[in-house]
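Let's take a look at a protein chain together, starting with one residue and working outwards. Keep the picture open while you read.

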Amino acid sequence: MNICYVRGRQPLNCLAWILATVCGLVGFSGCGNDSYAPRYQVSGTVTYAGQPLPSGLVKFEPDVEKGGTGPGSYAPIKNGVYRTEEGVCAGPMKVSICGFEEDAIEIVKDGEFALEGTQIFKEYPTQAEIKNEDTVINFEVPEL
């Protein structure tokens with residue numbers, strides 16, 4: 001089994017889920033960080049060697065060397081399709097993709113969210129530019 005980490009992310013427990021919901025409802029009262037707003041949904045497909053990637057993870061991290069700002073984000077890949085839940089800030093991004101043979105298991109290891117399973121390939125690095133709108137980006141991972 002191999003593991004693909006998402007730094008700083010953990011599944012929400014019940015209390016955290018309640019707090020996140022309350023913060024979302026009172027967002028105009030200052031709960032949350034608007035310094036990186038707005039965020040845009042990023043979705044698309046991921047193929048490996050010309051075939052839809054069965055399972056995996058797409059991670060977005062601002063490329064600060066090229067002027068990227070804001071928090072990172074991630075999206076699970078299922079049957080070659082991904083969509084961010086939290087959205088991504090506009091600008092240049094470093095992207096890394098992890099690929100698994102079948103549905104990976106979500107775990108928390110060493111305090112970090114991770115996917116565990118049989119990897120097809122380790123993290124594949126690439127780049128993307130997120131527009132000031134919801135964006136569709138299709139990734140083709142070459143056979144490694």
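## Starting with a lysine

Let's begin with Lys-59, which is buried, with a relative accessible area of 13%. That counts as buried because the cut-off is under 20% relative accessible area. One thing to keep in mind from the start: this is a predicted model.

So what does the side chain of Lys-59 meet in a salt bridge? The partner is Glu-123, at 2.8 Å from N to O. Lys-59 sits in strand 5 (residues 55-62) and Glu-123 in strand 12 (residues 119-130), so this pair ties together parts that are 64 residues apart in sequence. Unlike buried Lys-59, Glu-123 is partly exposed, with a relative accessible area of 42%. As a general point, side chains of opposite charge can pair when their charged atoms come close.

## Strand 5 and its neighbours

Lys-59 has plenty of buried company: seven of the eight residues in strand 5 are buried. Which strands pair with strand 5? One of them is strand 6 (residues 73-78), which runs antiparallel to strand 5 and shares six bridges with it. Another is strand 9 (residues 91-100), also antiparallel, with eight bridges.

Leu-57 is a handy place to see both pairings. Its bridge partner in strand 6 is Pro-76, and in strand 9 it stands opposite Cys-98.

## The other salt bridge

How many salt bridges does the chain have? The count comes to two. Besides the pair we've met, Arg-39 and Glu-86 join their side chains at 3.6 Å, N to O. Arg-39 lies in strand 2 (residues 39-40), while Glu-86 is in the loop between strand 7 (81-83) and strand 8 (88-89), so this pair ties together parts 47 residues apart in sequence.

Here both residues are partly exposed: Arg-39 has a relative accessible area of 30%, and Glu-86 has 39%.

## Zooming out

Now for the whole chain. Its secondary structure comes to one helix and 14 strands, and 38% of its 144 residues are buried. Of the contacts with a separation of 6 or more, 72% are between residues 24 or more positions apart. The accessible surface is about 8500 Å², and carbon and sulfur atoms make up 53% of that.

## How far to trust it

The average pLDDT is 79, and 75% of the residues score at least 70. Over residues 8-32, though, the pLDDT is below 50, and this stretch has 15 contacts in the model beyond near neighbours in sequence. Where pLDDT is low, the predicted coordinates should not be read in detail.

Note on methods:
Residues numbered from 1 in each chain as written. Predicted model: local features only at pLDDT ≥ 70, side-chain atom pairs only at ≥ 80, totals over all residues. Heavy atoms only, no water. Helix = DSSP H or I, 4+ residues; strand = E, 2+ residues; numbered from the N terminus. Buried < 20%, exposed > 50% of the residue type's maximum accessible area, 1.4 Å probe, protein only. Contact = heavy atoms within 4.5 Å. Areas by Shrake-Rupley, 256 points an atom, 1.4 Å probe, with all protein chains shown as cover. pLDDT = per-residue confidence, 0-100. Salt bridge = Lys/Arg side-chain N within 4 Å of Asp/Glu carboxyl O. Pairing = 2+ DSSP bridges.
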